[in-house]
Protein chains: 2
Amino acid sequence: MKLNDRGLLIVLSGPSGVGKGTVRKALFNMPGHNLEYSISMTTRKQRPGEVDGKDYYFVSREEFEKRISEGKFLEYAEFVGNYYGTPLDLVNEKLAKGNEVVLEIEVQGALQVREKCPDAVFIFLAPPSKQALYDRLRSRGTESEDVIEQRVQKANKEFQLAYKYDYIVVNDTVENAADRIMAIIRAEHAKTERTIHRYIDLLK
Amino acid sequence: MKLNDRGLLIVLSGPSGVGKGTVRKALFNMPGHNLEYSISMTTRKQRPGEVDGKDYYFVSREEFEKRISEGKFLEYAEFVGNYYGTPLDLVNEKLAKGNEVVLEIEVQGALQVREKCPDAVFIFLAPPSKQALYDRLRSRGTESEDVIEQRVQKANKEFQLAYKYDYIVVNDTVENAADRIMAIIRAEHAKTERTIHRYIDLLK
């Protein structure tokens, strides 16, 4: 049954520290999906445990800026002195295979994708409370007080942008959040505006 | 976490014979939901195995018409000489408790609800093919050839109205259809337009 099985571009976004990466991993560990992760490119320092080409493509600032000038990003953003971007060719390649493509990106980048791909599904991952996010940012421990303060300020601005998304999913527990996102993906497949053309074929 | 947990009015509809009742029962057998079924009222003859007050409220034509004149139906329709309707007071009672209310109704009735409750979620249950529905209508065996022919004609008209619904779910297997409907309900809870007000409270 192909009618409810069309691929989608899914944008998972939200403030830094809300747990996008953890929720995305839980989502990908769920059974029975054909999700493909779009690996971002960044100029930020590789953290312990991170793998190049799996967690991110780690590139130099020079390389990143060359790619910007060549129009090779679906979106990109600069934050705390580092670039983060989604390589356009890789997304197109995965979409061409008919799979779902999940972007896990910053709010600034998500709004760029909104303009280029209005048909994508935009999910804002929210913390259970503001305080929970602040605590999380502080407990991460890999960044200086200055960087934490910048992230807090940025989060405060990003909280206000949730209304621009299609869905708000609260990260109360990682499992709940991943479950809800999977439900959203399945529901989006059944949306009349996505299925009506194939439905008409079906009834011929 | 209350943010994604608000109750909804869910309208499950589709042509006669598509399997609305079977899918609805499978949906209600799924674990971990708080769905409430809105039992319809009808003047049609009770079929073997059907229970009054569980499958339908079976009432006389006189009683039904009295209730129409008193404005006691959220929607009603007449088909093959019988009335079918949704008692308004029972739906309101269930919604007041904060539960999801599921209506399993004819297309004609669903479009009435669309006008009265634009915020409800409208799901069109479709057969895997036209032929599958015709076969099903014929194999039911409880109705005369005349009634079957009327249902086929009605289905042919109703197929054209799917575009008025929010979602089209294909009843390829009962389990798949019920799964998709549950996913739709969960996703609808996370929709930004439903959650944004509470989200703002959350961030205070």
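## Exercises on a two-chain predicted model

Ile39(A) is partly exposed, with 17 other C-beta atoms within 10 Å. By the rule used throughout, a residue is buried if 20 or more other C-beta atoms lie within 10 Å of its own, exposed if 12 or fewer, and partly exposed in between, with C-beta atoms placed from the backbone.

Before you start, please note that this is a predicted model, in which local features need pLDDT of at least 70 and side-chain atom pairs count only at pLDDT 80 or more, while totals for chains, interfaces and linings use all residues. Residues are numbered from 1 along each chain as its sequence is written, and chains are lettered from A and ligands numbered from 1 in the order in which they are written.

### Exercise 1: Loop residues of chain A

Find where Ile39(A) lies and which residues Ile39(A) touches, not counting residues up to four places away in sequence.

*Step 1.* Begin with the elements on either side: the loop holding Ile39(A) runs between strand S2 (35-38) and strand S3 (40-42) of chain A. Helices (H or I, at least four residues) and strands (E, at least two) are DSSP runs, numbered from the N terminus.

*Step 2.* Now list the partners, where contact means C-beta atoms, placed from the backbone, within 7 Å. Leaving out residues up to four places away in sequence, Ile39(A) touches Gly53(A), Lys54(A), Tyr56(A) and Tyr57(A).

*Step 3.* Add a C-alpha to C-alpha check: Val91(A) is 52 residues from Ile39(A) in sequence and 9.0 Å away in space.

*Step 4.* Try another loop residue, Gly17(A), which sits between strand S1 (9-13) and helix H1 (20-28) of chain A. Gly17(A) counts as buried because 21 other C-beta atoms lie within 10 Å. Phe58(A) is 41 residues from Gly17(A) along the chain, and their C-alpha atoms are separated by 20 Å.

### Exercise 2: A positive phi

What is the phi of Val80(A), and how exposed is Val80(A)?

*Step 1.* Read the backbone: Val80(A) is not a glycine, yet its phi is positive, about 50°.

*Step 2.* Place the residue in the loop between strand S5 (73-79) and strand S6 (82-87) of chain A.

*Step 3.* Count neighbours: Val80(A) is partly exposed, because 13 other C-beta atoms lie within 10 Å.

*Step 4.* Turn to chain B, where Val80(B) also has a positive phi of about 50° without being a glycine. Val80(B) is partly exposed, with 13 other C-beta atoms within 10 Å.

### Exercise 3: Helix packing

Describe how H5(A) and H6(A) pack, then do likewise for H1(A) and H7(A).

*Step 1.* Two packed helices are described by the angle between their axes and the distance between the axes. Axes are lines fitted to C-alpha atoms, for helices over the stretch in contact, and angles run from 0 to 180 degrees between N-to-C directions.

*Step 2.* Helix H5 (residues 130-139) and helix H6 (residues 145-159) of chain A have axes 10 Å apart, at an angle of about 155°. H5(A) is therefore roughly antiparallel to H6(A). Angles under 35 degrees count as roughly parallel, over 145 as roughly antiparallel, 65 to 115 as roughly perpendicular and the rest as oblique.

*Step 3.* The crossing of H5(A) with H6(A) is right-handed; a crossing is left-handed if the near helix is turned anticlockwise from the far one by less than a right angle, and right-handed if clockwise.

*Step 4.* From H5(A), Leu133(A), Tyr134(A), Leu137(A) and Arg138(A) meet Ile148(A), Arg151(A), Val152(A) and Ala155(A) of H6(A). These contact residues comprise six nonpolar, no polar and two charged. Here Ala, Val, Leu, Ile, Met, Phe, Trp, Tyr, Cys and Pro count as nonpolar, Asp, Glu, Lys and Arg as charged, and the others, Gly among them, as polar.

*Step 5.* H1(A) and H7(A) pack at about 60° with axes 9 Å apart, and their crossing is right-handed. Thr22(A), Val23(A), Ala26(A) and Leu27(A) in H1(A) meet residues of H7(A) including Val174(A), Ala178(A) and Ile181(A). The classes in this contact of H1(A) with H7(A) are eight nonpolar, one polar and one charged.

### Exercise 4: Between the chains

How many residues does each chain bring to the contact, and which element gives the largest share of the side of chain A?

*Step 1.* Chain A brings 30 residues and chain B brings 30 residues.

*Step 2.* On the side of chain A that touches chain B, strand S9 (167-170), helix H7 (174-190) and helix H8 (192-202) each give two or more residues.

*Step 3.* H7(A) supplies the largest share of that side, six residues.

*Step 4.* Sorted by class, the side of chain A that touches chain B has 20 nonpolar, four polar and six charged residues.

Conventions: Two residues are in contact if their C-beta atoms, placed from the backbone, lie within 7 Å.
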